[in-house]
Amino acid sequence: MDELIRDILRRKASGGGVTVRGWLRTARHAKNLSFLEISDGSCFAGLQVVAGPECARFEEEVRGLGTGCAVEATGELVDSPGEGQRFELHASEVKLVGGVDADYPLQKKRHGFEFLRTIAHLRPRTNTLGAVLRVRDGATRAINDFFHARGFVQLHSPVITLSDAEGAGDMFRVSTLEPGNAPRDADGEIDWKQDFFEAPSYLTVSGQLEAEIGALALSRVYTFGPTFRAENSNTSRHLAEFWMVEPEVAFCDIDGLADLAEDFLKSVFRQVGDQCEEDLAFFDKRVDDSVLSTLAHVVDQPFGRITYSEAVEILQASGREFEFPVGWGADLQSEHERFLTEEHFGKPLVVTHYPKGIKAFYMYGNDDDRTVAAMDVLVPRIGEIIGGSQREHRLDILKRRIAEQGLPEEHYWWYLDLRRFGSAPHAGFGLGFERLVQFMTGMANIRDVIPFPRVPGNAEF
Ligand code: 4AD
Ligand code: MG
C-alpha cells in the first residue's frame, strides 16, 4: 500500500516521487495552473497538488476536475512556498478515478450540521465529521490503552438480552414473530415461548450485569459496545443507540471507583490531546473556543467531590430559579447538573450517595438506609457523562431491592447466584462514549459525534 497523506506530511524532508489517492476538497483552476487539494481522510490536512501544462492529461482531464472527484496524483514532493503547508505535490500525472455528478451536495461553502445529517453517507468527507471520526478512534485507543495498562480484560457483553439491566423498562424488543400474526396462548396473550429465544427478548441497555460476572472471575474487566435505549428523548445528549464503556472491578468500593473514574478521564484526555492535536485545534478554532482550555483543565485540576445531599444544599442556596424544583429525594436534572459543574465548581464533579428511591436496584445500600453508593460524574456543557456505583453484593438486601422495585426476581436468578457463590464487594461505572466525544470536541449535538445516529423517527443509513 502507498503512503497515506498523514505519513507524507510527517516526512522529514521534501523530495522524491509520491503517489496519493483521495477526494478533492477543492479545485482551483488558474491560467495554466491548477491547484487541487486532495484529502484521504488520514489526517486533518489535505495535500496541495499543483498541476501545469507539463502534467499528463492536463487539458483533457485535470482542467475539468472539481470538488468531490476521486483522483490519483503522482509527482514530486517539494517544499511549499505557500502558507499553511510544509509540502506540496508537483504533479506529473493526475488521473480521474471517479467523477462527480453536478448535484454533489458538498460544496466549498460551510454547511449546517442539520443539513449534513441528511447526507450521512457523504458527511465523513467534511472537515468536521472527518475530525470527529478520528477523535472517536483516538479516544477508543486511549480507553483500551488505559484499561490494558491496569490489568483489565475486555469482556464482550451480549447485545441481545432477557434482562433489564437498569430496571427502567425502556428497551427495544427483539423478535422474529410477525406483528399482527403472533401465536397466542390460552389467555389470548402473545406466546413468547414460540419466539426465537423462547422468551421476551430485548436489545441491551447496559453490559453491566454481565460485566459483574466477569469481574467476579477475572477481577477487572471492561466492556465497550453499543447499548440501546427506547426513551423518547429528543435532546442534544440522547441517542437511541450509543456506545458505552463499562469497567467493573472486584474488591472495590465507591471511593476506589471515583478515583478510577477521575484517573480514567484524565488519562484519556491526555492521550487524545497528544494524538489528535490537529483535529482538536480545528474544533477549538471553528466549533468551540474552549476546547483546548477545557482539555488542559481536565488533565490538570483535581475533580470536585460532593455528596448528593451537599449538591442539594448548594442548589438551594444558589438563589437560582430552576425549571425543575430542587429537593432532597428528587433526581438532579440536567439544569442542576450543569449549574453545579459549570458555574459553582467550574470543573468536573463527582457526586455520590444518591437517595435510593431514584436509583437502580443493584446499587449498594449505605448504612443510613436512605442513600445508595451511587456515583455520577458531571462535566461542564454536558452534565452527566458517567454513571456508576458500588454494587449490592449482599444477597438478602439485593432480593429486597428487587422486590421493592417490582422487578421479576426469576429474571435475575444468575445475578443473585453471584451473591451466593463467592460474593465480594465490587463496583463499576458506565461512560457514555458519545458524551465523551462531545465534551472533547465541543460539538453541540450528540447526533454529530456518531457516524450514523439513531434517534426517534430516524434510523436511516
Ligand atoms: O447512567 P447510566 O444509565 O448507567 C448505566 O447504564 C449503568 N449500568 C452503567 C454501569 O454502572 N456500568 O448510563 C451510563 C452513561 C451515562 O452517564 C451517559 O453518559 C450515557 O451512559 N447515556 C447515554 N448516552 C447517550 N444517549 C443516551 N440515551 C444515554 N443514556 C445514558
Ligand atoms: Mg445515569
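**Helix α8, the Ser80 loop and a nonpolar surface patch**

In this predicted model, helix α8 is followed by Gly319, a residue whose phi is positive, near 70°. The helix itself spans residues 308-317, and within this segment Tyr308, Ala311, Val312, Ile314 and Leu315 are buried. These residues lie on the same side of α8, because the arc that they cover around the axis is only 165°. Such an arrangement can be read against the geometry of an α-helix, which has 3.6 residues a turn, so that residues three or four places apart point the same way. On the other side of α8, by contrast, Glu313 and Ala317 are exposed. The cover over the buried residues of α8 includes the strands β12 (304-307) and β13 (349-355) together with the helix α9 (334-344).

A second site is found in the loop between β4 (70-79) and β5 (87-98), where Ser80 is located. With a relative accessible area of 13%, Ser80 falls under the 20% limit and is therefore buried. Its side chain makes a polar contact of 3.0 Å with the side chain of Gln85. When residues up to four places away in sequence are not counted, Ser80 touches Gln85, Arg86, Phe87 and Glu88.

At the surface, Val159, Ile160, Leu162, Phe196 and Phe197 make a nonpolar patch of about 440 Å². One of these residues, Leu162, belongs to the loop between β7 (160-161) and β8 (173-174). The relative accessibility of Leu162 is 43%, and this residue therefore counts as partly exposed.

Terms used: Residues are numbered from 1 along each chain as its sequence is written. Chains are lettered from A and ligands numbered from 1 in the order in which they are written. This is a predicted model: local features need pLDDT of at least 70, side-chain atom pairs count only at pLDDT 80 or more; totals for chains, interfaces and linings use all residues. Side-chain values use heavy atoms; hydrogens and water are left out. Buried means under 20% relative accessible area, exposed over 50%, partly exposed in between (1.4 Å probe, protein chains only). Helices (H or I, at least four residues) and strands (E, at least two) are DSSP runs, numbered from the N terminus. The arc is that of the directions from the helix axis to the C-beta atoms. Contact means heavy atoms within 4.5 Å. A polar contact is a pair of N or O atoms within 3.5 Å; within protein, one must be able to donate a hydrogen and the other to accept it, and residues adjacent in sequence count only if both atoms are side-chain atoms. Patches are made of residues with over 30% relative accessible area and no salt bridge: like charges are joined within 9 Å, nonpolar side chains (Val, Leu, Ile, Met, Phe, Trp, Tyr) within 5 Å. Accessible areas come from the Shrake-Rupley method with a 1.4 Å probe; for residues, only the protein chains shown count as cover. A salt bridge is a side-chain nitrogen of Lys or Arg within 4 Å of a carboxyl oxygen of Asp or Glu.
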